[in-house]
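Could you walk me through this model, stop by stop? Here is a tour to follow in your viewer, with a selection to make at each step.

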Amino acid sequence: MQNATLWRGLLGVEKTVVEDIEFDEGEQLLVASVRPRKRSRGRCGRCGRRSPGYDRGAGRRRWRALDLGTVQVVLEADAPRVACRTHGPSVAAVPWARHGAGHTYAFDEQVAWLATQTSKSAVTELMRIAWRTVGAIITRVWADVEALHDRFAGLTRLGIDEISYKRGHRYVTIVVDHDSGRLVWAAPGRDKATLHQFFDALGETRCGAVTHVSADGADWIATVVAARCPKAVRCADPFHVVAWATDALDEVRRLAWNEARGAVGGRRAGRATGHAKALKGARYSLWKNPENLTEKQQAKLAWVARTDPRLYRAYLLKEGLRLVFRLPYEDAVEALERWIGWARRCRIEAFVKLQKSIVKHRHAILAAIEHGLSNGRIESVNTKVRLITRIAFGFRSPEALIALAMLSLGGHRPALPGRK
Ligand SMILES: [Zn+2]
């Protein structure tokens with residue numbers, strides 16, 4: 001065919017013979033008939049080993065390629081089967097697409113790049129594919145990236161976390177490298193068996209090289225870490241500890257609100273008016289860090305201090321705990337002791353309970369401060385994975401969610417085709 005080299009370039013294919021180009025008026029589709037070059041022919045699609053022919057397979061097949069301008073493009077070729085020594089009868093490998101895929105390499109790479117860079121609707125509308133298809137594509141792209149890179153090299157300080165999605169019905173366990181800030185590993189589930197999978201993958205020698213592990217204080221994580229990395233220092237991620245305090249404060253605020261609207265003591269809940277309404281509006285003033293409060297929110301906080309001393313004490317307890325993490329180690333040890341004594345005597349149930357957890361995890365909390373683990377990185381990866389779980393809604397499998405998270409945050413973002 002004339003201009004075969006030009007067409008190979010336009011279609012973004014290698015080791016491929018372009019036999020013919022046709023424009024299908026009815027389907028508004030450019031159909032490129034292709035075949036693998038001689039040296040790429042007769043290889044098993046799964047392992048690439050040269051194998052004798054088996055049969056003609058299911059005849060002609062099509063692969064979606066990148067659009068040319070506004071026109072959709074497909075490659076069309078025979079899809080014969082070979083008799084692989086290991087895999088038996090298998091569809092022969094093609095140099096333009098992954099085994100079993102209905103899209104070319106270039107198409108896959110572009111979708112993976114877009115999925116890690118832009119919104120769900122941008123990917124699906126631009127590429128004219130369903131979100132489910134995006135899920136299948138990123139899963140196979142990640143499988144190839146994973147096979148190429150050793151993501152466990154040089155790991156010493158790990159952060160382990162669990163993230164809930166689908167309104168708390170599903171979980172993923174994630175492992176982050178404190179030093180690079182990369183997501184190292186993720187898997188569906190949150191139990192000991194899930195975490196053991198990670199340490200199995202890491203291998204015994206590398207488990208021995210781990211010096212620090214931070215987590216949210218969950219017993220299942222602590223148990224597995226103690227078994228697999230007995231020498232590692234266990235730390236509590238400060239942002240989880242502060243989140244516990246925020247939850248306790250919220251419990252106190254809700255109680256105050258319910259009392260104000262008369263829902264406590266068997267009476268029917270009245271309409272939220274006056275004090276109750278004002279309390280509800282105080283939510284953000286109580287949650288935010290004081291240095292970030294607007295003037296209006298500061299006024300609200302002053303109002304809480306005047307009208308609800310108990311709620312205000314709860315607020316001060318939360319802030320007190322948050323401040324412990326900003327102190328140098330020696331001061332933090334002392335401040336944490338004082339905080340524990342204060343909370344124990346505060347007569348606010350939620351904080352008395354919180355104090356018990358803090359005592360239980362005291363060593364891990366102080367270890368995090370002493371060893372200066374970069375809490376911010378774990379928190380930021382945690383936040384980003386949370387966002388990914390939201391857009392990953394609609395993927396058929398959790399594998400696609402994991403693939404999107406790993407491609408986005410694992411330090412090996414897909415490149416755009418033709419620009420490596
Ligand atoms: Zn094979």
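One cut-off is needed along the way: a residue is exposed if 12 or fewer other C-beta atoms lie within 10 Å of its own, and buried if 20 or more do. Keep in mind, too, that this is a predicted model.

**Stop 1: two arginines in loops**

Start by selecting Arg347, in the loop between α13 (329-344) and α14. Is Arg347 buried or exposed? It counts as exposed, because 9 C-beta neighbours lie inside 10 Å of Arg347. Look at the backbone here as well: phi of Arg347 is near 60°, a positive value in a residue other than glycine.

Now select Arg128, in the loop between α3 (120-127) and α4 (131-148). Its phi is near 55°, again positive and again in a residue other than glycine. Arg128 has 10 C-beta neighbours inside 10 Å, so Arg128 counts as exposed.

**Stop 2: α8 against α14**

From Arg347, move on to helix α14 (residues 349-360) and show helix α8 (residues 238-260) with it; their axes come within 9 Å and cross at roughly 165°. The two helices are therefore roughly antiparallel to each other. The crossing of α8 past α14 is right-handed. To see the contact, select Trp244, Ala245, Ala248, Glu251 and Val252 on α8, then Ala350, Phe351, Leu354 and Ser357 on α14. Coloured by class, this contact of α8 with α14 shows seven nonpolar residues, one polar and one charged.

**Stop 3: α13 against α15**

Next, select α13 together with helix α15 (residues 362-370). The axes of α13 and α15 come within 9 Å and cross at roughly 155°. How are α13 and α15 oriented to each other? They are roughly antiparallel, and their crossing is right-handed. On the α13 side, pick Tyr329, Ala332, Val333 and Leu336; on the α15 side, pick Arg362, Ile365, Leu366, Ile369 and Glu370. In the contact of α13 with α15 you will find seven nonpolar residues, two charged and no polar ones.

**Stop 4: α4 against α17**

Return to α4, which follows the loop that holds Arg128, and add α17 to the view. The axes of α4 and α17 come within 8 Å, crossing at roughly 55°. That angle makes α4 oblique to α17. The crossing of α4 and α17 is left-handed. From α4, select Gly135, Ile138, Thr139, Val141, Trp142 and Val145; they meet Glu399, Ala400, Ala403, Leu404, Met406 and Leu407 in α17. By class, the contact of α4 with α17 has nine nonpolar residues, two polar and one charged.

**Stop 5: into the nonpolar core**

Keep Ile138, Leu404 and Met406 highlighted. They are among the residues with the most contacts inside the largest nonpolar core, which has 105 residues. Add Val111, Leu183, Leu401 and Ala405 to complete that group. Zoom in on Met406: leaving aside residues up to four places away in sequence, Met406 touches Trp142, Leu183 and Ala186.

**Stop 6: Phe393, between two helices**

Step along to Phe393, in the loop between α16 (375-391) and α17 (398-409). Phe393 is exposed because 11 other C-beta atoms lie within 10 Å. Measure from here to Tyr165: the two residues are 228 apart along the chain, with their C-alpha atoms separated by 8.8 Å.

**Stop 7: two strand residues**

Select Ile160 in strand β8 (residues 157-165). With 23 C-beta neighbours inside 10 Å, Ile160 counts as buried. Which residues does Ile160 touch, not counting those up to four places away in sequence? They are Thr173, Val175, Leu195, Val213, Ala215 and Ile221. Then draw a line to Gly9, 151 residues away along the chain; the C-alpha atoms of Ile160 and Gly9 are separated by 45 Å.

Finish at Val31 in strand β2 (residues 29-36). Val31 counts as partly exposed, having 17 C-beta neighbours inside 10 Å. Beyond residues up to four places away in sequence, Val31 touches Glu22, Asp24, Val74 and Glu76. Add Arg62 as a last selection: Val31 and Arg62 are 31 residues apart in sequence and 8.8 Å apart in space, C-alpha to C-alpha.

Technical notes:
Residues are numbered from 1 along each chain as its sequence is written. This is a predicted model: local features need pLDDT of at least 70, side-chain atom pairs count only at pLDDT 80 or more; totals for chains, interfaces and linings use all residues. Axes are lines fitted to C-alpha atoms, for helices over the stretch in contact, and angles run from 0 to 180 degrees between N-to-C directions. Helices (H or I, at least four residues) and strands (E, at least two) are DSSP runs, numbered from the N terminus. Angles under 35 degrees count as roughly parallel, over 145 as roughly antiparallel, 65 to 115 as roughly perpendicular and the rest as oblique. A crossing is left-handed if the near helix is turned anticlockwise from the far one by less than a right angle, and right-handed if clockwise. Two residues are in contact if their C-beta atoms, placed from the backbone, lie within 7 Å. Ala, Val, Leu, Ile, Met, Phe, Trp, Tyr, Cys and Pro count as nonpolar, Asp, Glu, Lys and Arg as charged, and the others, Gly among them, as polar. A nonpolar core is a set of buried Ala, Val, Leu, Ile, Met, Phe, Trp, Tyr and Cys residues joined through C-beta atoms within 7 Å.
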